[in-house]
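Student: Could you take me through the aromatic residues in this one, slowly and in detail? I'd like to see how the rings are arranged and what sits around them.

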Amino acid sequence: MTARRDVQIDFEKYVNNVFRFALSLSNDWHIAEDLTQECLLRAHQRQHQLQSAEGARPWMFRIVLNLWKDRLKKKRIKATDALDMNMFGRDWSPEEALMQRESCQQIVQLMQSLPDQQRSVLYLSSVEQFSIREIAGLIKSSENSVKANLSIARKTLRKKLVRQVKQQESPIE
Amino acid sequence: MNDCQSLENYLDGELTPEERIAFELHLESCWACRTETEVEQNLDQRIQSAWAELKAPTDVSDVPARCVKKPSTGTVPANVATPQSGVRWLAMAAAVSALILSATWYFAPEKRPDERFATVKTGEKPSNGAPVPQASARRKVVFVENEARPRSLILVPQTQGSEGFTIVKAYPTIPLTKPDLFNSRRTLDEQAN
């Protein structure tokens, strides 16, 4: 018990990671903000459950995932199909927004069009660099299922990217 | 296993260090695997850099910080019960039980007779003609009339053959009822008529 009490973690340093994951799940900026706040609150409240500081990041992701599932159950909401890219980089200066919005929004938008399971698996693997085993533990699924979802997600995203590049090169067609 | 079949495990980071080195050697000779690896790694980089641009609004972390009261000293989380809170609960429980005990003692019917009736006159009947308890060989009935509230007492010898008695029960020879205001008022009315 005393060992657990000694764990003092700065959860705020994972705010951006948690927010991104919440956004990848919900596809909605406002819900992602709510989920992030709720996650931080719950993390502070249940800090004593955490065994070590190293486990804080996956633990917070697990909290976000549970919060999102609760919302799906209780409020019967669905992840929106398209992400509102006007909200993208709203804290940026106008110059920053102009420079970065184009490059970022294309890939994020494509990724958000993937099915829920594939999207979260791809996010956790590519962005958060979790291993297959860690992802399987986090989303409570089998490693084979994670591998299959990840493979399909990558292939689909590649196809979509190629199609988009072709459309940009020949806009008349 | 064919080297080309390890491509997926390589990309997923599932290979052991030895297998990884062997596959990287294979990559130098296999154009198809190398291209595939580069495309996948490029895709991962693009995804990473795109998401890295996304940042949480600055006020997101403010609310939980306000809601959660962080411990000022030490590293004990706010929601874990501290020894001080345990002592406080103990003190409250002791105070409540003391209150209950004193209330029970205050409102409980008196079991023991009043010691003021120790000086008694025996063998006499109460002047108001109240019912008399039966005396027997083992107990002795006395009447007390030298007090404001006369009572009959049952006394039992303390030890065999001794002179002393212990008072085991005392009850009033005059019923303790409220003044009969209705009857007294009626009597006064009748007298007036």
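Tutor: Sure. Keep in mind that this is a predicted model. Searching the whole structure turns up seven aromatic pairs over all chains. Let's start with A:Phe61 and A:Phe130, an edge-to-face pair with 5.6 Å centre to centre and 80 degrees between the planes. That angle earns the label because anything over 60 degrees counts as edge-to-face. Where do these two rings come from? A:Phe61 belongs to helix 4 (residues 56–74) of chain A, while A:Phe130 is in the loop between helix 6 (116–127) and helix 7 (132–139) of chain A, so the pair ties together parts that are 69 residues apart in sequence.

Now for how covered they are. A:Phe61 has a relative accessible area of 1%, so it is buried, and A:Phe130 counts as buried too, at 7% relative accessibility. The cut-off behind both calls is under 20% relative accessible area.

Next comes A:Tyr123 with B:Trp51: their ring centres are 5.0 Å apart and their planes at 75 degrees, so this pair is edge-to-face. Here the contact crosses between chains, running from helix 6 of chain A, where A:Tyr123 sits, to B:Trp51 in helix 3 (residues 31–52) of chain B. A:Tyr123 is buried at 0% relative accessibility, and B:Trp51 is buried with a relative accessible area of 0%.

Now put the pieces together. A:Phe21, A:Phe61, A:Tyr123, A:Phe130 and B:Trp51 form one aromatic cluster, so when you look at the two pairs above, you are looking at parts of that one cluster. There's a charge to look at here as well: A:Arg57 has its charged end over the ring of A:Phe130, 4.5 Å from the ring's centre.

For a contrast, swing over to chain B. B:Trp105, B:Tyr106 and B:Phe107 make a nonpolar surface patch of about 520 Å². B:Tyr106 lies in helix 5 (residues 83–107) of chain B. Is B:Tyr106 buried or exposed? With a relative accessible area of 60%, B:Tyr106 is exposed, since the bar for that word is over 50%.

And since you're at the bench, a word on cysteines: the count comes to zero disulfides over all chains. Take B:Cys4, which is in no disulfide; its nearest cysteine sulfur, that of B:Cys33, is 3.5 Å away. The sulfur atoms would have to lie within 2.5 Å to count. B:Cys4 is partly exposed, with a relative accessible area of 35%, whereas A:Cys39 is buried at 0%.

Note on methods:
Residues are numbered from 1 along each chain as its sequence is written. Chains are lettered from A and ligands numbered from 1 in the order in which they are written. This is a predicted model: local features need pLDDT of at least 70, side-chain atom pairs count only at pLDDT 80 or more; totals for chains, interfaces and linings use all residues. Side-chain values use heavy atoms; hydrogens and water are left out. Rings of Phe, Tyr and Trp (its six-membered ring) pair if their centres lie within 6.5 Å; planes under 30 degrees apart count as stacked, over 60 as edge-to-face and the rest as tilted. Helices (H or I, at least four residues) and strands (E, at least two) are DSSP runs, numbered from the N terminus. Buried means under 20% relative accessible area, exposed over 50%, partly exposed in between (1.4 Å probe, protein chains only). A charge sits over a ring if NZ of Lys or CZ of Arg is within 6 Å of the ring centre and within 35 degrees of the ring normal. Patches are made of residues with over 30% relative accessible area and no salt bridge: like charges are joined within 9 Å, nonpolar side chains (Val, Leu, Ile, Met, Phe, Trp, Tyr) within 5 Å. Accessible areas come from the Shrake-Rupley method with a 1.4 Å probe; for residues, only the protein chains shown count as cover. A salt bridge is a side-chain nitrogen of Lys or Arg within 4 Å of a carboxyl oxygen of Asp or Glu.
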